[in-house]
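Grab a pencil and your favourite viewer. Here are a few exercises to work through with the model open beside you.

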Amino acid sequence: MAEKVNETSSRCSEPSPALPSPMGTPLRKVFDRISGLAMTCKRNAVPPRRRIFHGDVEQEGFQHASTYCLSSYYSVFVARLAIMVMLAVLIGLLTILTWHFTKVYTTRSLNTLSSGLRLELLQRPMLRMWNVLNSTSEITTAQVKLSEYVIRRYSKATTQAEQVGLYEMMRDVTWALFSSNKALNAITISYRNGFVQAFHRDHRSNNTFYIYSDLVNYSISATGSYDVNMLTSHQGWDNESIHGNLSAIWYQEQLDPVTGEKIGKAKPVPPDDLINIAGLSQVPDGAASWHVAVSKHTDSLLLSAALPVLDPSNERIVAVVGVTTALYSVGQLMKELVEVHGGYIYLTTREGYLLATSTDAPLLTNTTKGPELMLAVDSEDPVVRMGARWLQKAYGNKLPPHHVVQVENAELDRQQYYIDLFFLNLKRLPMVGVIIIPRKNIMGKVDEMALKTLVLLISASLCILVIGCVCILILTNGVSKEMKLRAELISHLDARRKAEASSNYKSQFLANMSHELRTPMAAVIGLLDILICDDCLSNEQYATVTQIRKCSTALLRLLNNILDLSKVESGKLILEEAEFDLGRELEGLIDMFSVQCINHNVEAVLDLSDDIPKLVRGDSARVVQIFSNLISNSIKFTTSGHVILRGWCESSNMASDAGMFPSDQKKSRSTLNTKLKQNGNHMDSEKCNKVILWFEVDDTGCGIDPSKWETVFESFEQADPSTTRMHGGTGLGLCIVRTLINKMGGEIKVVKKNGPGTLMQLYLLLSTPEDGTEQHHQIDFVEHSVVVLLALHGSMGRFVMSQWLSKNRISPVEASEWNELTQTLRELFHTRGRNSGFNTHYSLSESSRDKLKSIEDVTNPLYIIVVDIGLLDSSTDIWKEQINFLEKFSSKAKFAWMLEHDTSNVIKMELRQKGHILMVNKPLYKAKMIHILEAVMKERNLELQKKSSNATRVTTREGDSHECLEIASTHFETCSSDDSDISELGDSNSTSSLHIGEQQEEKFVRCSTSNFQTKNCLVEFCHSEENNSWTEYMSNDRPTLNDMGDAKCVISRGPDRPSGSSGKEQRKPCPSKAMNEQKSLEGLRILLAEDTPVLQRVATIMLEKMGATVIAVGDGLQAVDALNCSLDIEEGGRKPSFQDGSPRFQTEICDSPPYDLILMDCQMPKMDGYEATKAIRKSEAGTRMHIPIVALTAHAMSSDEAKCLEVGMDAYLTKPIDYKLMVSTILSLTKRTP
Amino acid sequence: MEVGQMQRRLVDYTKSLFMEGFLDSQFLQLQQLQDENNPDFVVEVVSLFFEDSEKLLNELTRALDQTNVEFKKVDAHVHQLKGSSSSIGAQRVKNACIAFRNFCEEQNTEACMRCLQQVKQEYYLVKNKLETMFRLEQQIVAAGGSIPIIEMSS
């Protein structure tokens, strides 16, 4: 059994690999598709994902990604489909396999079972048949033996009686046998003489008959003949004797079936009418014979056996015994079996004649010869007939060797049947048993179950499939949504990038445009300047041109603003990193704006705390631009009051000045601190000494609505649109300021303020130089016990100044107008002198009085009185008296005068005559105050030292003071008249570093002037004779002198200078006042290297017109030669070598290099400007000299500029040469170097 | 001809030169530079320009005629021409030179030839104009008048 299972399993596993083969093509296609989809899926789905992850980083991928994004839609769809298909296939396969296996196993096991059963079933009727045969043969044999015995006893019967006795005996014996076996149909004995004895049992009527032939016919006579016949020939005993004996009469007696007693009368019947009597013909060879006989009266088949009875000598057949058994019982058994199991069973002979069937169909056919056996193929039962035919068709007459045939699934009449055939090979009667069972009977349930299972499985798998698909849909829905979102994100990013690009284009366009516009604007301004210089203009024309000039400047400033802004926006702005003096820059700024302020009746005040580092690193031009924008903005909107620029350093401010400022600053400061902490590491590693400088620009203007505090920093935004009409402006200024501040790592915002006006607060992150030890004023004012009387108009400036003074422990006394001043003076000096309450028409306030009282306690104070020139009444002549009044105190105090830019010369002259030498320009701020204090203290020290010195000094001092004053005022006027230019430059800080350089140079001038101013003051106290001072300076302190001298020269050459300065006039013998205006380059020796003759000529004339001496050479080589030659000469003999050199050069050649400046064209034959410059710088390497070289190029590209500066040139001019620009450049360069 | 009339003509003529773009502000600067120290400054410079330009133009023609054009050399010449023309304010020559240089950088011989022709044309035009102007000036001076100051109207 196990083997069988194994076998079935192995056989069963065989089809499973073979299973796809029938579905091969479609399934393969599906698989191919799925795998293909999966591949495309991978290919499509994976790249976009990767792109998405790296998308933010790699911008270039976006365009591709957006196309991928579309395909990813499809890929999601396809992936979904593929997963579904795969699921469907999987579930389908599972279902089919399950169904198949279950079905196959059950079928197989059932088949094995049923085949066994069927054989068993078949064998039972066969066995019955076999039994029947056996019993028949046994009875026959027994009958034969008994007959032989009886016949031997009566062998010598000669008489009729004996003969009868024999027959009687035979009858009894036969009866005994017959009655012992109920199944027997009949027993016949036919004797040689034709006598027949037979017992017959009719099963249907259950009657038993005795049949015998008439004894009369078989007389003794007959017996005699019988003997003879018998002896003569054997052949005489044949059927003919019986059949021929047709006239013989047979009698039939009914018997009691149990006792054998006669019941009825014997009645004659025709011979062979009821039963077949086995005759001699049936045993021709003396052996037993078998055959299936057909009963004459019933339809049933009979099995009859015949045996001969031999005489004792065994030579003769005495009688033939025939036994007939009905086969009815076999059919009965079959029927019983079939009733239980169903199906059909039949037995046939080998030839195919039906012996028994389980059906009721007749086994016999009625032919003309009477009923005969029927072939199975002709059976009336359709199933048996068809089965027989099927078998005949399948096997013909040849039976398989094993005598067993088992056929499954034989289709008969559209129904499945099992057909089993069993072959029983009996010697005389070979038989074939066939069982036909409808498949339904065995497999019906199984098939039904298999069908049900299949249906169930399919429905279940369909459900799972549907649920799975829904799940997949739901699950992948999220993915597809995410995909969609990502696609949107990508498209947004793309759009943003495009927008940024377009904005960038805009900025670039603006930058280019404004740059292009600037060029013609510069030309317009230049031409206007030329026009203004023209003497031939009428007054009206002059006014108009000036107006045009102003407008052009305004336009240019606007262009510069736009350029700045777009530059910052397009990220091209690079901040310089250079050391500069922040305080000085801001002072210059305030100086500049104060002029404008005075016109506006606004006070400009600078209030820098002492802790601000002197030197910081940064882009000075940009810092100045920030503040100039802010201050000009403030001034623009302030009609009266003040504009204060406050500055302090972060760290110190926390403690000391906290009270001075509104409390909400603390918040901003704390945020700043956190910000600093965040940046801390970064900054520490980079530069350890970054400082945070806080600034405030405080005005008393119209103020800004709090809602606009943020938006004012946007471009083209003004707090109130109506102001545009009133004040003009584009609203770019603050925007530039903010971008610049942000770029410097700072912040700006509008802060709430008590009172009217605006308070802008900003901080900058600037680094201080490494070695920048903070240098505050070293002089200790305390020990001098200084008292300063501030008689100033502007209340704010005065307040700030007195605050500062108090902080430095200098006692300040304030006075805001003339009367207060006089009162205070009287109080101060007269009380000291007379110690009496001197009450005049004016009385001081209590606080001032207290102050005065406290001052009185100071022993031997040094009084400094700072008087605003505005306190004097200049409209009438009263001022003279006022000065005279003050003059009275000049011995007790030092006077310092604050001049206004338009203070008339008459007043200045007067002051000078009175010996008031200390004059500074408004506004007063810390640095100026320190200068005043220092000057006064120096003077006092000197006075203390030289108490005995004579009065001549006074006169000389007058001269010196004259100079000092002049310089200051000159400088100032330069500033004021060039105000627009400076502010323009300050605003713009344009691309060209030249501008910046120039600006810085101008600042430098200013600085050196202020230096000079103080120094000159010092000089005055030291030396009586000016010439001596010069010579002494030369010998003592050469660099200082050079500095000073140069500054002086430059200043004295300034275009607005009213008349020649003293120093200059003494040194320059032949200046023409008429030419002064033009000849700003007077006395300079310039080497011009230019190959183009036209340009050479033009430049030469230009320079010569300005008073310079020009030596022109054709190329770089000549230029180098010229320089070397002159150097040689200088080194060799220090002789004057140039014929055209001015006397000054002849005398001073030893002190200065042969040329003050070289103008170098960049593109020249033989040796170009770059090479020449390199050569010159190389030759200079060992010496201390540095000849400024200015490049002349036609390129006007910034790269050229870089190249120029790289090779060692100092500045850079573009062709065509701009007159003004050239002058300013040359001036700035020649000033700097000796 | 009357002096006043001639002066008006000169002014008109000069103005037209500016209007038509032959000259630019640089020429005005040149005129500004002319004073009693250098009475013939403008004429001097302009004639220098003529000499220089003709020399350069000849060299350019020769350089471009060669089979193997040395663009570097051509470029240098054009650059020089541009410098000198811009110095006297011959604007149209300068502009033509700028275009010329661009083609030089592209090494486009054909376009360079075209540009050379254009430069030449512009040069001769401006030369004619300037010569006419100077003739007028000379006439005025000869007639005893002074040369009027040219004002830029635009």
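Below are four short tasks, each with a worked solution.

This is a predicted model, in which local features need pLDDT of at least 70, side-chain atom pairs count only at pLDDT 80 or more, and totals for chains, interfaces and linings use all residues. Residues are numbered from 1 along each chain as its sequence is written, chains are lettered from A and ligands numbered from 1 in the order in which they are written, and side-chain values use heavy atoms, with hydrogens and water left out.

**Exercise 1.** Work out how many disulfides the structure holds over all chains.

*Solution.* Start with the chemistry: a disulfide covalently links the sulfur atoms of two cysteines. The cut-off here is a pair of cysteine sulfur atoms within 2.5 Å. Now try Cys469(A): its closest cysteine sulfur belongs to Cys471(A), 9.3 Å off, so the gap is too far for a bond. Next, Cys115(B) is in no disulfide either, with the sulfur of Cys112(B) as its nearest at 6.5 Å. The total over all chains is zero.

**Exercise 2.** Decide whether Cys469(A) and Cys115(B) are buried or exposed.

*Solution.* Buried means under 20% relative accessible area, exposed over 50%, and partly exposed in between (1.4 Å probe, protein chains only). Cys469(A) has 18% relative accessibility, so it counts as buried. Cys115(B) has 5%, so that one is buried too.

**Exercise 3.** Find out how strand S15 (residues 431-438) of chain A sits in its surroundings.

*Solution.* Strands are DSSP runs (E, at least two residues), numbered from the N terminus. Eight of the eight residues of S15(A) are buried, so the strand is largely enclosed by the rest of the structure. Check the two faces: Met431(A), Gly433(A), Ile435(A) and Ile437(A) point one way, while Val432(A), Val434(A), Ile436(A) and Pro438(A) point the other. That fits the general rule that side chains in a regular strand alternate between the faces of the sheet. Then look for partners, where pairing takes at least two DSSP bridges. Strand S9 (residues 344-349) of chain A runs antiparallel to S15(A), joined by six bridges, with Thr349(A) partnering Met431(A). Strand S14 (residues 415-424) of chain A is also antiparallel to S15(A), over eight bridges, and there Phe422(A) stands opposite Gly433(A).

**Exercise 4.** Compare the "transmembrane region" record for chain A with the model.

*Solution.* The unreviewed UniProt entry places this feature at residues 81-101 and 449-475. UniProt positions follow the numbering used here, feature names are shortened, and annotations may be inferred rather than shown by experiment. In the model, residues 81-101 of chain A are 100% helix, with end C-alpha atoms 30 Å apart. Residues 449-475 of chain A are 100% helix too, with their end C-alpha atoms 38 Å apart.

Conventions
Helix = DSSP H or I, 4+ residues; strand = E, 2+ residues; numbered from the N terminus.
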